[in-house]
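Welcome, and thanks for taking a look at this one with me. Let us start with a pocket and then work through the rest of the fold.

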Amino acid sequence: EKDIVHSTRMERSLKVLERLVNQNSQDEIFQDFKYWEDASDQHRDGRGSLLPLWRFSTDRTKRKQVTALAWNPRYIDLFAVGYGSYDFMRQCSGMICCFSLKNTSFPESIFSMESGVMCL
């Protein structure tokens, strides 16, 4: 018999479910961003306010520097972030995280590297 719990189909279904739950839990943030008006913007000659939406980070990347970023040309909601160090005398391991705007709480994929990532 097939193991349905560990199947590829179950993995895809859980990923979609996670995205739905995440979008529902952050609906207030999306609505605030879409309709946010700051009255003080009228008094700033040509300058406005910026409302941050998300912070893309994980516990594994907290002490690493972002050294590269690239948007996926095929999937417009997906981007990759390369982590490493700009201090060439103190190099450490690197990482590539693929984030999606459909699930802003955790990366879609994480790839660990032996050295820092400098370009994608």
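The lining of the largest pocket splits into two nonpolar, one polar and five charged residues; here Ala, Val, Leu, Ile, Met, Phe, Trp, Tyr, Cys and Pro count as nonpolar, Asp, Glu, Lys and Arg as charged, and the others, Gly among them, as polar. The residues in question are K15, R19, Y75, D77, L78, S100, K102 and E108. A pocket, on a 1 Å grid over the protein atoms alone, is an open set of points where a 1.4 Å probe fits, with protein on both sides within 12 Å along at least five of seven lines, and lining residues have an atom within 4 Å of a point. The volume of the largest pocket is about 160 Å³, taken as the space filled by probe spheres set on grid points joined across faces, edges and corners.

A word on the source: this is a predicted model, in which local features need pLDDT of at least 70 and side-chain atom pairs count only at pLDDT 80 or more, while totals for chains, interfaces and linings use all residues. Residues are numbered from 1 along each chain as its sequence is written, and side-chain values use heavy atoms, with hydrogens and water left out.

Now the fold. The protein has two helices and four strands, in the order α-α-β-β-β-β from the N terminus; these are DSSP runs, H or I of at least four residues for helices and E of at least two for strands. Of its 120 residues, 23% are buried, meaning under 20% relative accessible area, with exposed over 50% and partly exposed in between (1.4 Å probe, protein chains only). The accessible surface is about 9,700 Å², and 54% of that belongs to carbon and sulfur atoms; the areas come from the Shrake-Rupley method with a 1.4 Å probe.

Which residues make up the largest nonpolar core? They are F79, V81, Y83, M95, C97 and F99, where such a core is a set of buried Ala, Val, Leu, Ile, Met, Phe, Trp, Tyr and Cys residues joined through side-chain atoms within 4.5 Å. Strands β2 (78-84) and β3 (94-100) each give two or more residues to this core. In soluble globular proteins, nonpolar side chains tend to be buried together.

Within the core, F79 has contacts (heavy atoms within 4.5 Å) beyond four places in sequence that include F56, W71, C97 and L101. C97, in strand β3, touches T61, F79, P107 and I110, among others beyond four places.

Three residues can be set side by side, each with a partner distant along the chain:

| Residue | Relative accessible area | Partner | C-alpha to C-alpha |
|---|---|---|---|
| C97 | 0% | I110 | 4.6 Å |
| F30 | 25% | L53 | 7.7 Å |
| N22 | 8% | F106 | 9.9 Å |N22 belongs to helix α1 (residues 8-25) and is buried. Leaving aside neighbours within four places, N22 is in contact with K102, N103, T104 and S105. F30 lies in helix α2 (residues 27-35) and is partly exposed; beyond four places in sequence, F30 contacts Q23 and W54.
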